[in-house]
Amino acid sequence: MTEAEKRQRRNAREAARKRRFRAENPNAARELDARWRNSRRLKVVSTRTAPITKAELDARLAEFCGGCAYGPLCSFEEWDHVVPLDAGGTDTIDNLVPSCRAHNRSKGRKTLFEWLRTTYIPVPLSGQEPS
Ligand SMILES: [Zn+2]
């Protein structure tokens, strides 16, 4: 058996052990997941150089006429990180744009260019039939 095969078997055994542990200890698994999320959240917060102020957010929103940055006719519902935090984006005002929920969900963890290249679908306006 080669070293690579041994490593593969070790990894498979370890993955199976983790799956078993999670199945047998759902509460502990939830606790571990929460800890992982919190550690990520702390890391995210630490990329901030200064807290984002309400005035900065208002100014940013005004740059997009109070609406979603990704569609001229949908409305602002939440802030999107243009460069996702997972991809090294920062939690700073220059990386935030207002977005509607549908566009934010559609973009997900993709960068703007990945999203535009692969999956951009204009959000249909409610109450308007496509012509
Ligand atoms: Zn939108």
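I started with Lys 18, which I found in helix α1; helices (H or I, at least four residues) and strands (E, at least two) are DSSP runs, numbered from the N terminus. Lys 18 has 12 C-beta neighbours inside 10 Å, so it counts as exposed. The cut-offs I used: buried means 20 or more other C-beta atoms within 10 Å of a residue's own, exposed means 12 or fewer, partly exposed is in between, and the C-beta atoms are placed from the backbone. I also checked Lys 18 against Ala 29, eleven residues along the chain, and their C-alpha atoms are separated by 9.5 Å.

Notes to self on the ground rules. This is a predicted model, where local features need pLDDT of at least 70, side-chain atom pairs count only at pLDDT 80 or more, and totals for chains, interfaces and linings use all residues. Residues are numbered from 1 along each chain as its sequence is written.

Next, confidence. pLDDT is the predictor's confidence in each residue, from 0 to 100. The chain averages 83, and 80% of the residues score at least 70. I found the lowest confidence in helix α2 (residues 26-46), with a mean of 69, and the highest in strand β2 (residues 96-99), at 97. Where pLDDT is low, the predicted coordinates should not be read in detail.

Then the layout. I get five helices and two strands, in the order α-α-α-β-β-α-α. Of the 131 residues, 10% count as buried.

Back to α1 (residues 3-24) for a length check. The expected span is 1.5 Å times one less than the number of residues. For the 22 residues of α1 that gives 32 Å, and the end C-alpha atoms are 31 Å apart, which agrees. Cover over α1 is scant: zero of its 22 residues are buried.

Is α3 in the open or covered? Zero of its ten residues are buried, so α3 lies largely in the open. After α3 comes Cys 65, with a positive phi near 55 degrees. Cys 65 sits in the loop between α3 (54-63) and β1, and is exposed because it has 11 other C-beta atoms within 10 Å.

On to the strands. β1 (residues 78-81) and β2 pair in the antiparallel sense over four bridges; pairing here takes at least two DSSP bridges between the strands. I looked up Trp 79, and its bridge partner in β2 is Pro 98. From β2, Leu 96 and Pro 98 point one way, Val 97 and Ser 99 the other way, and all are buried.

Between β1 and β2 I stopped at Gly 89, in the loop. Gly 89 has 17 other C-beta atoms within 10 Å, so it is partly exposed. Setting aside residues up to four places away in sequence, Gly 89 touches His 81, Val 82, Val 83, Pro 84 and Asn 95; contact means C-beta atoms, placed from the backbone, within 7 Å.

Which residues make up the largest nonpolar core? I count seven: Cys 68, Ala 69, Tyr 70, Cys 74, Leu 96, Val 97 and Cys 100. A nonpolar core is a set of buried Ala, Val, Leu, Ile, Met, Phe, Trp, Tyr and Cys residues joined through C-beta atoms within 7 Å. I followed Cys 68 outward: leaving aside neighbours within four places in sequence, its contacts include Cys 74, Pro 98, Cys 100 and His 103.

Terms used. Two residues are in contact if their C-beta atoms, placed from the backbone, lie within 7 Å.
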